[in-house]
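This report goes through the two chains shown below, starting with their cysteines and ending with two single residues.

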Amino acid sequence: MADPTRLRAHEMAALLRSGEISSRALTEAHLSAAERQNHALNAWLVIYRENALAQADAADKRIAEARRAGTAALNALHPLCGIPIALKDLVSVKGGQATAGSKILKGYIAPFDSTVAARLKDAGAVILGKTNMDEFAMGSSTEHSAYGPTANPWDLTRVPGGSSGGSAAAVASFHTPLAIGTDTGGSIRQPASMCGVVGIKPTYGRVSRYGIVAFASSLDQIGPFARDARDAATLLHAVAGRDDRDATSAPEPVPTELLGLATSDDEAAAYLKGKRIALPKEYFVEGMEPGVAARIREAVGAMEQAGARVEEVSLPHTDYGLATYYIIAPAEASSNLARFDGVRYGYNDRSSGEFIADYIKTRGAGFGPEVKRRIMLGTYALSAGYYDAYYLKAQKVRTLIKADFDAVWAAGFDAICAPTSPTVAFSLGARTEDPVAMYLSDACTLPINMAGLPGMSIPAGLSDGLPVGLQIIGAPWSELSMLRLARAYEGITARAPWRDLEPAELQLTDDPTTPSPIERKERQKSGASAPGAGGHS
Amino acid sequence: MTSAPAAAGTGALARYEAVIGIEIHCQLKTASKMFCACDTQIEGAEPNSHCCPVCLGLPGTLPTINKSAVEWVIATGFAIDGEVATTTRWDRKNYFYPDIPKGYQISQYQLPLVANGKLTFDTSEGPFTVRVRRAHLEEDTGRLIHEDRDGRRVSLARRSLIDFDRSGMPLMEIVTEPDIRTAEQARRYAEELRLLMRTIGASDAEMENGQMRVEANVSIRPIGREAFGTRVEVKNMNSMRAVERAIAFEIERQAELIDGGGAVHMETRGWDDPSQSTYHMRPKEEENDYRYFPEPDLPPLTTTPEWLAAIKARLPELPAVRRTRYQTEFGLSGYDASVLVNDLASTALFEGALAAGEGVPAKLLANWVTGEYMRLVKGEESGGSADPVQLAALVKLVADGAISGTNAKEVFAEHFATGRVVAAIVEARGFRQISDAGALGTAVDEVLAANPAAVADYRAGKGAAVGFLVGQVMKATRGQANAAMVQTALRERLAKTE
């Protein structure tokens, strides 16, 4: 058989049922690819070889039993049974680490399963390991990980995006067909865009946050990465739905049609006929790379040709998205991260023998600079005398941003299409010294979090050899139509030449002499002392 | 300070008026904690045996609302005639301390469940009403235990241990307006609130084990002045007596300070029971900026009219209503009604005995409860209990003249101590009174025949001899004779045979 890592999850599921492949073989193929190439990518923080193989054996047993019991039992098997998956390292899995990319959670072992992990285990999915991320999901490049940056398999000198960069890179590199990420301001969609994979941020409240290390509670959502819309829909279906442990999870039913997206490209493409698509002019901002803008206009043009009606709309409060986001998200984060005090778990420094001094030392050394910056921002915004001017005002603007979108839905549009990121993947180190430049990476994604809407990024071709993501934004709870639209776009671009391309530098990662992202970063630092490069001696 | 002010002197109140506000935290009586499923039966349990990822604040955990805790606060709102919010929400109170595992406490800041209530109660100077500003719901913290080198618990510790069993226990905080003027009013307010909590079942409100914690904000101002003085917060008052004494002490202390040309400083002071004085804990200037903001993990809560009506319908008769009813329905004095109502066990005994249906007069029953029962409860033999059905039976015997009052008290004492049935005690001890005229007559005749000297004394004008003769009859009947009938029979016979 050809390399099974190149299959889509739904193809793997079919082979598992027909007995043409075992979950063990599938898992082994993915584990060895991940183990072989992680040196050059640093997408994985931990790989659970033994546990994964044990889960694979258990899945094989379930599949074998179902096969003996007959077709009905085989059809009743969960579509993820025996399928490998990666989890961002802020998803709690009982007995495993959950560093959230931070030194302060080094050594912490979660004593319970997150709801997402529990649902995946019940489905029979095989958890391969935990992926790299910006510390506490604060970042857009995965460079703010305490465990070193992740490289983009399309160009190893570039970032994979972030904060779920490890998950995106692992899916793009065929280390896993599926991965879980979180998205607070773009942390699933932006790395999906930069790595050329599919990523969904569901409606706020769609997926339980229980057991997911929190960044900003009113914005965080958990979602899937996959290599096509069908797989992403299947994974979303598996983890979505009301959870009594998360009071903000909604009782909204999860449509089973998510498991039945069109298999044929033509059938899928037919969905576009008569659909009304909004193109917000504010999302084609200054600073957007022409190649990115071109790909998005081409993608929307292709949809129009397939029968969709595309109209330009205005989302007038878009400009305030970034500023208000950087009040609300840090404010919630400053409170959410207060629990990391070294008293009960994780990293601590108790050398001073006095608890306030120990707190200061623990948090001073345990948090990275970006996390500290946001804790400071958030603490300031919530302080007495500033609360009304910052936090309260930001919440009011948030309502206006949401109203912009409501007007689009009220006007009868089925979806909004926009770029996911204004640029393709940027070089390692290019934005780490300029927080605002880094924050601007999420200008097109974070308003969607502010409005609580579902959004996704799907590959829309390349610019300068690097992936460009098309963002599809839907009305609340409209994930099914959003995915049908994504699937339709896959249908009309099924024969596009870029569809067959694998990440350009993935092969380099097989070479053990290829430098690791950490080595690249070190080199860059020493190179930075060269004239004109910014001086960091 | 060198000289301690008089513990409960009234000197200061001649020149100053005290302004007192009370904050009370009550642990609500729920099966599980405020935001997780942990069992609340933590009393006497091993440390850290009643906690889970949620109340330990582990990464990724989320709170879920305990509906019955919310209902207790709403019930309290109705009981104090307050306004129950139609929409309420939770806020985070952010501060760092090792006993607070999330680095914030989930509380209610801007939209408390209950606002603008009031509570009326009796004092030695008559009825008094205190306005309640708000009642809200929050979670308790863990408990710090400080140990020295040898593992002894001390305040200046070598190391500190944390017990998270209390973390996440449901607490209701009830805050008054600064309406209270005397230490007695403060104690009475706390007592009445405790009674209310116990009556509606919201809390056991035992101060000794921290189920009810009373804090007072105390300031004084010269009589006649509008502006408030500088206030001092007093904590660590572990009994109702301590509440009254601590506040009285604080009023005197502040008056002495001002009289001596000094000034009161904003501070938190603790009550020290052994020395009967307050001591400085920390200056109030250091108060944290708690950075309150709406808890994003919990959606706002809407209280539907149907839900509120159902909670209101479940409320039992409230103490104030019950006191009035006892006076109007049973003709009890205000004092007796209060004694009965202020102690839930007494109320239950009284109501239970009434319900036993022996048809005994309520007033007689009330006397037994406020008299003998209360005496026994407060006395050395306390630890016993009285069964309402047995009390009713006993009082019926007394009312029917079937047992003497003196013997009835003995029977009751024995029942209280041993729980034995009244009829059995009366039987075993031969206390059933001889009220049969024939039987009594025989005994009286025998005594007269056997005591000619006493009979002669009586006839010689010594009326007191009757007492001796009654005693002899009682002795002969082993106390079972109806003393009043004996006396009548004696006098009749002595007059006749003259």
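A disulfide is a covalent bond between the sulfur atoms of two cysteines. Here it is counted when a pair of cysteine sulfur atoms lies within 2.5 Å. The model is a predicted one, and over all chains it holds zero disulfides.

**Cysteines**

Two cysteines illustrate the result. In chain A, the cysteine sulfur closest to that of A:Cys195 belongs to A:Cys444 and is 18 Å away, so the pair is too far apart for a bond. A:Cys195 has a relative accessibility of 1% and therefore counts as buried. In chain B, the sulfur of B:Cys55 has its closest cysteine sulfur in B:Cys38, at 3.8 Å; this is also too far for a bond, because the cut-off is 2.5 Å. B:Cys55 is buried as well, at 6% relative accessibility.

**The two chains**

The table sets out values for each chain.

| Chain | Secondary structure | Box along the principal axes | Buried residues |
|---|---|---|---|
| Chain A | 18 helices, eleven strands | about 65 × 55 × 55 Å | 62% of 537 residues |
| Chain B | 16 helices, 16 strands | roughly 100 × 55 × 55 Å | 51% of 498 residues |

What radius of gyration does chain A have, and what would a compact globule of 537 residues have? Chain A has 22 Å and the globule would be near 24 Å, so the two agree. For chain B, the radius of gyration is 30 Å, but a compact globule of 498 residues would be near 23 Å.

Contacts over long stretches of sequence can be read for each chain. In chain A, taking contacts between residues at least 6 apart in sequence, 76% join residues at least 24 apart. In chain B, residues 24 or more positions apart account for 69% of the contacts with a separation of 6 or more.

Surface and charge follow. The accessible surface of chain A is about 18,800 Å², and carbon and sulfur atoms make up 54% of that area. Chain B exposes about 22,600 Å², with 51% supplied by carbon and sulfur atoms. Chain A carries 54 positive and 59 negative side chains, and the centres of these two sets are 3 Å apart. In chain B there are 56 positive and 67 negative charges, whose mean positions are 1 Å apart.

**Two single residues**

A:Cys417 sits in strand S9 of chain A, which covers residues 415-419. Is this residue buried or exposed? A:Cys417 is buried, with a relative accessible area of 0%. Leaving aside residues up to four places away in sequence, A:Cys417 touches several side chains or backbones, including A:Ile277, A:Ala278, A:Leu279 and A:Pro280. A:Val300 and A:Met303 are also among its contacts, as are A:Leu470, A:Gln471 and A:Ile472. From A:Cys417 to A:Glu312 the C-alpha distance is 9.9 Å, with their positions 105 residues apart in sequence.

B:Thr406 belongs to helix H11 of chain B, residues 405-418. Its relative accessibility is 58%, so B:Thr406 counts as exposed. B:Thr406 and B:Phe431 are 25 residues apart along the chain, and their C-alpha atoms are separated by 9.9 Å.

Note on methods. Residues numbered from 1 in each chain as written. Chains lettered and ligands numbered in written order. Predicted model: local features only at pLDDT ≥ 70, side-chain atom pairs only at ≥ 80, totals over all residues. Heavy atoms only, no water. Helix = DSSP H or I, 4+ residues; strand = E, 2+ residues; numbered from the N terminus. Rg over C-alpha atoms; globule rule 2.2 N^0.38 Å. Buried < 20%, exposed > 50% of the residue type's maximum accessible area, 1.4 Å probe, protein only. Contact = heavy atoms within 4.5 Å. Areas by Shrake-Rupley, 256 points an atom, 1.4 Å probe, with all protein chains shown as cover. Lys, Arg positive; Asp, Glu negative; His and termini not counted. Charge placed at Lys NZ, Arg CZ, Asp CG, Glu CD.
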